[in-house]
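Biologist: Could you walk me through this one slowly, since I am new to it?
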Amino acid sequence: MRSSRTGPRHEGPVMCVARYQQVADSIRGQIADGTLSAGDRLPTEPELVDEYAVSRLTVRHALDVLQAEGLVEKFHGRGTFVRRPPQRVAYVSACSDGLPQPQAENVEIETYVRPGSVLAEAPLTALMQVERGTELAEYLYFSRRDKRPYSLARIHVPLDLAELLDTPTARLPWGAEIPHGLQAAGVRLAHITERVTTRPPTQDEADHLNLPAGATVLEVERTSVDDRGRVVEGAQLVAPQDRIEVVFSKALPGSEGGDLR
């Protein structure tokens, strides 16, 4: 006699979706169907707790997921907003022909100049090829677009050369006016080197640029060297990788204004 099994039968695997995923799916769907538009403020965490009948920790986990996906962004003291699709700003190489022009509209630049207040430490000592503790002028460029942080640039110049420069106007978010200003002041540049890499942001960069955990930034490290082999300018330019592109343009010998990108 064949025995029979008792108990419930399950057809296929049982799928269990975590509550934070359900909350994230719901908000994601509202963004996709237009119920929530770019720039809209999401309900507060307590409001979301009541709406979805979940814990505050579950709500925060859901919002973290959406932020990591680039769908929302959090601003301390203001709340969580549906993220506007980013528009890339072009970093135009300082080696390009002529003074590079801003490549984006409505880029508001705030500039802080702190000459004589920076003592070189690693890795700045290697960038500028100076001894630890050497005083350097520092130019901090912080750019915003549509009132949102977009890029951060720290540019260093030896103090004796900084005295030759006019006050930076912050016309260019990458501070290309600094090496061009040194040339105008009579410093003979022999070459400019630009190294482009991607990496995780430092905590200071993440705070300035309002970046979520797991974000990646694109860094352009620029050094300008004079005809005596001295590093006269060192720049570290950082922006989230979805907000920047690097453009190199140079007229070729024998061409009539043609360029190679």
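**Helix H2 and its surroundings**

Modeller: Just after H2 (helices here are DSSP runs of H or I with at least four residues, numbered from the N terminus) comes Ala 53, which has a positive phi, near 55 degrees. Please keep in mind that this is a predicted model, in which local features need pLDDT of at least 70 and side-chain atom pairs count only at pLDDT 80 or more, while totals for chains, interfaces and linings use all residues. Residues are numbered from 1 along each chain as its sequence is written, and side-chain values use heavy atoms, with hydrogens and water left out.

Biologist: Okay, which residues of H2 are buried?

Modeller: In H2, which spans residues 45-52, the buried ones (under 20% relative accessible area, with a 1.4 Å probe and protein chains only) are Glu 45, Leu 48, Val 49 and Tyr 52. They lie on the same side of H2, because the arc they cover around the axis, taken from the directions from the axis to the C-beta atoms, is only 105 degrees.

Biologist: And what covers them?

Modeller: The cover includes helix H1 (19-32) and helix H3 (56-68).

Biologist: Switching to geometry, how do the axes of H2 and H3 cross?

Modeller: Their axes, lines fitted to C-alpha atoms over the stretch in contact, with angles from 0 to 180 degrees between N-to-C directions, come within 9 Å and cross at roughly 105 degrees. H2 is therefore roughly perpendicular to H3, a label for angles of 65 to 115 degrees.

Biologist: Which residues make that contact?

Modeller: Counting heavy atoms within 4.5 Å as contact, H2 contributes Glu 45, Pro 46, Leu 48 and Val 49, while H3 contributes Arg 56, Val 59, Arg 60 and Leu 63.

Note on methods. Buried < 20%, exposed > 50% of the residue type's maximum accessible area, 1.4 Å probe, protein only. Helix = DSSP H or I, 4+ residues; strand = E, 2+ residues; numbered from the N terminus. Parallel < 35°, antiparallel > 145°, perpendicular 65-115°, else oblique.
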